[in-house]
Every structure is written in C-alpha cells, then in structure tokens.
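Here are a few short exercises to work through with the model open beside you. Try each task before you read its solution.

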Amino acid sequence: MKLIGSGTSPFVRKVRIVLAEKRIECRYERENEWAADITIGRWNPLGKVPALLTDDGAAIFDSRVIVEYLDALTPVHRLIPPGDRARVEVRCREALADGLLEAAVLARLENARPDLAQRSPHWIARQRGKIDAALQAMADGLAEQPFCCEGKYSLADVAVGCSLGYLDLRYPDIDWRGTHPRLARLAGTLFARPSFRDTAPPAA
Ligand SMILES: N[C@@H](CCC(=O)N[C@@H](CS)C(=O)NCC(=O)O)C(=O)O
C-alpha cells in the first residue's frame, strides 16, 4: 500500500497515526497539495490529500474512509468500536475534530489572500467561531475521562489530537490549553505516544 500525503496536513497525520497504531506497513509518498505540478488528482479527483493506494490498485480517499478501511484490515488495536452506539459516538467526535480543522484551514486560506481588501473579516470570524465552539464541545464531551469515548483510546482521540496539533502549528495565538485544561490533559497523554511523536508536523 502507498499513502500519498503532505507533512503538514492534519488529515494525513490522522491516517499515519492509525497506520502506526495498527502496525500496518505502508509506503509514504509526500506530495505538496498546493504545488502546481500536483499529481494527487490521478487518485482523488478533488485534488486533496490524503489518498491511499491499495495493493490491488484501488484508490481510497478522504481520511475518514481511509481510517475505516485500515481499522477493518486487521484486528490489531481496534480504533473504531464494533457496537453501533459506541461506533457512532467515536465517528461523531471524529467529525467534530475534522470540522474544527476544516474551519481552521478555511480561515487560514482567507487570511493568506495577498490583497488585504479581498480578505473577509466576517468569514474569518465565522470560522474562528466554529473553532471555539468545537473546542468547547470537545472539552465538554471529554469531561473528567482519560480519553474521549468510554475512557478508552480510540479514533476519536486520534482525530482530536490531530486537530489540537494543527492549532499549535497554525494558530499559536489560540490558547486552547489555557481555556480548556481538560483538552490540555488529554493532549499531554496523546502527544507522548510514539504514533503522535513520529508524525509531528515540521515547525511552522
Ligand atoms: N475531508 C478530507 C479533507 C482533506 C483536505 O482538505 N486536505 C487538504 C490538505 S489539509 C488538501 O489537500 N487541500 C488541497 C485543496 O483543497 O486543493 C479528508 O478528510 O481527507
């Protein structure tokens, strides 16, 4: 198998962490999703990383589909629980963390417009509001548990950890550790895991 991704994409990081946790061998090919000569469109018509190429030639894209595929590939360290209710809870927490990331990426792109007059403060504030709301919901959901769902490490923790790691990388001004000590505690545990350490994005 081959994973195509970039070193700073939090969605790629989520897949790499799942690969590591499940001890699945996979080649990793770096692609800059913003480069002019990008080839990812061959595998994902949306032109986004990550994409996973399987040994039988299939291309799987969207990190949520890829991690589901990987989790089912081997029973080693299941990250998505089998029961309907627990599975939906884990996937919903993952969707929340991914949604935070989508808002963070949109606000960052808006802020990066070279012409200041083209930047929409309203749009940026709207996305920042989603980031704040997602952080609050993550902290509320965590409460005093050691991990996001049923006190057990799961895909929800992988996704939440990736979203918090991305805020550290791109939004150092957001003091989520100060405002949400519960998330800080969770991140302390997650960021110490080898799977997180080995996939840490390069410093901004
Ligand atoms: N829902 C997708 C999101 C993937 C995504 O947005 N990837 C970004 C990098 S963080 C990308 O490739 N952007 C390039 C573009 O939008 O053209 C997933 O979970 O895989």
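**Exercise 1: Reading the sheet**

Four strands form an open sheet with mixed pairing, in the order β2-β1-β3-β4. Keep in mind as you go that this is a predicted model.

Task: Work out which strands stand at the edges, each with a single partner strand.

Solution:
- Step 1. Start from the strand order, β2-β1-β3-β4.
- Step 2. The edge positions belong to β2 (27-30) and β4 (59-61); each has a single partner strand, so one side of each lacks a neighbour in the sheet.
- Step 3. Now look at the twist, which averages 25 degrees from one strand to the next.

**Exercise 2: One strand pair and the helices on the sheet**

Task: Find how many bridges join β1 to β2, then find which helices pack on the sheet and which strands they touch.

Solution:
- Step 1. Strand β1 (residues 2-5) is joined to β2 by four bridges, and the two run parallel. As a reminder, strands of a sheet pair through backbone hydrogen bonds, either parallel or antiparallel.
- Step 2. To locate this pair on your screen, look for G5, which stands opposite R30 in β2.
- Step 3. Helix α1 packs on the sheet and touches β1 and β2, with its direction at about 155 degrees to that of β1.
- Step 4. Helix α2 (residues 63-73) also packs on the sheet, where it touches β3 (51-53) and β4; the direction of α2 makes about 120 degrees with that of β4.

**Exercise 3: Two helices in contact**

Task: Decide how α5 is oriented relative to α7, and say which residues meet.

Solution:
- Step 1. Helix α5 (residues 155-170) packs against helix α7 (residues 181-191) at an angle of about 100 degrees, and their axes are 10 Å apart.
- Step 2. Angles of 65 to 115 degrees count as roughly perpendicular, so α5 is roughly perpendicular to α7.
- Step 3. From α5, the residues D157, V160, G161, L164, G165 and D168 meet L183, L186, A187, L190 and F191 of α7.
- Step 4. Sorted by class, this contact of α5 with α7 has seven nonpolar, two polar and two charged residues.

**Exercise 4: The cavity**

Task: Find how many cavities of 30 Å³ or more a search of the whole structure gives, and describe the lining of the largest cavity.

Solution:
- Step 1. The search finds one cavity of 30 Å³ or more, and the largest cavity holds about 60 Å³ of space.
- Step 2. It is lined by 15 residues, and T8, S9, P10, R13 and P201 are the closest to its centre.
- Step 3. Helices α1 (10-21) and α5 each supply at least two residues of this lining.
- Step 4. By class, the lining has seven nonpolar, six polar and two charged residues.

Conventions
Residues are numbered from 1 along each chain as its sequence is written. This is a predicted model: local features need pLDDT of at least 70, side-chain atom pairs count only at pLDDT 80 or more; totals for chains, interfaces and linings use all residues. Side-chain values use heavy atoms; hydrogens and water are left out. Axes are lines fitted to C-alpha atoms, for helices over the stretch in contact, and angles run from 0 to 180 degrees between N-to-C directions. Angles under 35 degrees count as roughly parallel, over 145 as roughly antiparallel, 65 to 115 as roughly perpendicular and the rest as oblique. Contact means heavy atoms within 4.5 Å. Ala, Val, Leu, Ile, Met, Phe, Trp, Tyr, Cys and Pro count as nonpolar, Asp, Glu, Lys and Arg as charged, and the others, Gly among them, as polar. On a 1 Å grid over the protein atoms alone, a cavity is a set of points where a 1.4 Å probe fits but cannot get out, and a pocket is an open set with protein on both sides within 12 Å along at least five of seven lines; lining residues have an atom within 4 Å of a point. Grid points are joined across faces, edges and corners, and a volume is the space filled by probe spheres set on the points. Two strands pair if DSSP finds at least two bridges between them.
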